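Biologist: I am new to this one and would like to learn how its labels are earned. Could you walk me through the reasoning?

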Amino acid sequence: MFFSKLFLRGFGKFNNTGLALKKGINVVTSEEEGKSDSVRAFLLGMLFGIPQRSGITKVRSGYQSYKPVKGSDYSGTAYLNDEDKSYLIERDFLGTGKTSVLDVQSGREIRLSQTNSLTGAVLNADRNTYIDEKVITELEADSSDEASRKFEKYLQNMMVTGTSSIDYETSKRYLMAEKKKNVSKPLVRRLNQLDRAMSKYDGVDEKIDQIEAELKKLNEDFIIEAEKRKRVARRLVENEDGSVTYQQDEEVDEKMDRLTASEKTYGAQLNKEDEDEAGKKKFTDRIPVIIGTGVLVVLIISFIVYLLPFDNLIREMFVIITALAVIVTMLDGFRVKGFFDVEDEIDTPDEDDFKKVLKELEDEGEERAEIEFDMTFAKEYAEKKEELKAREDVLLDKRREKNKLKREFDLVFKKKSELEDEEKAIDYALARLAAISQKFMKDAVEKLLPHMNDFVPLLTNGKVEGLLYEGNNLQVKTEDGIQNLNELPLEDIQKIYLAVRLSIARALGSQELPLIISGTDMLDDDALISLVELLELFEDEQILILSDNTNLKEVFPVEANFVEA
């Protein structure tokens with residue numbers, strides 16, 4: 001593939017600038033510093049877009065750096081050729097910008113499989129791989145030590161992870177630190193403490209159920225006994241004929257009704273709690289459901305009747321009869337379900353009223369010797385009930401404490417599970433990282449290391465015979481012996497770096513996209529001549545030399561395409 005035309009409508013320092021490129025070697029120069037970097041960024045942006053997000057791509061994108069100085073038209077056009085195909089790429093680099101790729105021969109627009117990137121639709125290479133293998137820049141360093149560290153880091157990452165954007169050691173340290181932070185052992189200890197604390201309340205629910213059953217039974221017994229007492233509470237009355245009969249005492253009955261009213265209500269509450277425990281009212285027992293079902297039945301019957309060949313009068317009569325039948329059935333259902341039952345409203349006394357009425361009945365029993373009425377059973381009931389309620393209150397406090405511990409237990413268990421899942425994920429990531437690094441190391445040993453020094457002697461004019469890479473430590477072999485890389489002048493380190501990058505481009509880089517070199521400004525004339533010689537060994541369809549040095553025409557061959565940016 002090669003670029004034939006570029007139009008930088010608004011990009012960096014460019015404004016409506018066109019560049020014509022060809023196959024083979026293209027030398028793009030500019031007297032204005034920084035323009036060559038803008039051309040490189042523009043080429044990458046046209047292929048892969050310019051990401052705005054932070055992260056490992058932040059340094060490489062420079063989204064803000066290349067916004068045009070004049071106007072707001074942050075866009076451009078490029079023609080990319082591949083054998084007999086030609087693609088017209090148009091991009092608007094703004095945040096909501098549009099990217100279009102047109103197949104010029106067919107006139108068909110290519111649908112991108114990745115947002116803003118030609119990878120997968122037109123290209124096989126991805127952005128980071130292309131930059132690592134075939135986009136060569138100078139080492140940005142002010143000293144030999146800094147240049148040596150960056151060189152070592154680049155080479156180590158390329159050999160271990162296959163990309164300079166992933167630092168193996170940093171990634172590994174980060175994952176190990178995260179794993180150390182996510183240790184779940186303290187949570188396990190807390191779960192054990194909570195489990196022991198909850199075990200002290202084992203059986204509390206069963207004891208509460210037992211007391212409630214006793215209260216229910218006591219309540220029922222009291223009501224039955226009270227009704228029995230009402231039947232024997234009679235007073236002697238002398239009739240007109242001289243006979244004596246027992247007659248019901250309405251005043252006593254009214255007080256007995258008041259006495260048992262609260263206990264009947266209490267019993268109903270206990271029964272309701274039992275029902276709530278057993279389950280809520282059935283869905284089909286609800287009034288809206290019953291009414292809705294009836295309406296649905298009428299509608300279905302009406303629909304069927306109107307489909308049949310009947311007269312309208314017959315249809316209407318059939319629908320009316322069906323509706324009446326459904327209404328009668330629904331009303332009968334409501335009656336069976338007890339919706340029409342009306343409970344007698346009784347002035348339900350509280351505990352103080354209960355004791356007051358009980359005292360009145362006892363006083364009446366003493367005043368009326370003829371009434372066989374004994375209220376000691378009610379006092380015994382009240383005392384027994386009070387004792388059971390006191391025991392129940394203690395147990396309820398214990399259950400609340402148990403539930404509080406259970407809620408904490410559930411939260412701690414959830415957090416422990418999350419930490420364990422994260423720990424498993426980190427272990428998996430570490431294992432994958434190690435496995436992938438082994439694969440890249442194997443590829444590096446087979447493809448990269450044997451060719452790493454192919455161009456080093458040529459670009460250093462024989463000053464450096466080769467680069468030694470052992471244990472992530474870079475050394476060089478010179479005529480004076482072996483020495484550390486950082487002991488060389490910065491200019492020589494830059495030359496060695498360029499030589500190694502060219503070796504990687506030839507050994508690992510695919511022949512799909514152009515080879516871009518913008519790291520030549522530090523080369524002297526002899527090194528430039530050597531660079532031209534070794535570029536003849538490359539089979540890339542297009543090589544782009546981007547430089548701020550306008551004197552390159554004196555070094556590069558006449559057949560090279562020279563472009564002034």
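**How the labels are earned**

Modeller: Gladly! K495 and E491 sit in helix α14 (residues 490-507), 4 residues apart, about one turn of the helix. Keep in mind that this is a predicted model.

Biologist: What makes K495 and E491 a salt bridge?

Modeller: A side-chain nitrogen of Lys or Arg must lie within 4 Å of a carboxyl oxygen of Asp or Glu. For K495 and E491 the N to O value is 3.6 Å, so the pair meets that definition.

Biologist: Why is K495 called buried?

Modeller: Buried means under 20% relative accessible area. K495 has 5%, so it is buried.

Biologist: And why does E491 count as partly exposed?

Modeller: Partly exposed lies between the 20% and 50% limits. E491 is at 38%, so it counts as partly exposed.

Biologist: How do you know that R190 and E408 meet in a salt bridge?

Modeller: Their side chains are 2.7 Å apart, N to O, and the cut-off is 4 Å. R190 lies in helix α6 (residues 185-199) and E408 in helix α12 (residues 376-448), so the pair ties together parts that are 218 residues apart in sequence.

Biologist: What makes K150 and E146 a salt bridge?

Modeller: Their closest N and O atoms are 3.5 Å apart, and within 4 Å is what the definition asks. Both residues lie in helix α4 (residues 144-160).

Biologist: How many salt bridges does the structure hold?

Modeller: The structure holds 16 salt bridges.

Terms used: Residues numbered from 1 in each chain as written. Predicted model: local features only at pLDDT ≥ 70, side-chain atom pairs only at ≥ 80, totals over all residues. Heavy atoms only, no water. Helix = DSSP H or I, 4+ residues; strand = E, 2+ residues; numbered from the N terminus. Buried < 20%, exposed > 50% of the residue type's maximum accessible area, 1.4 Å probe, protein only.
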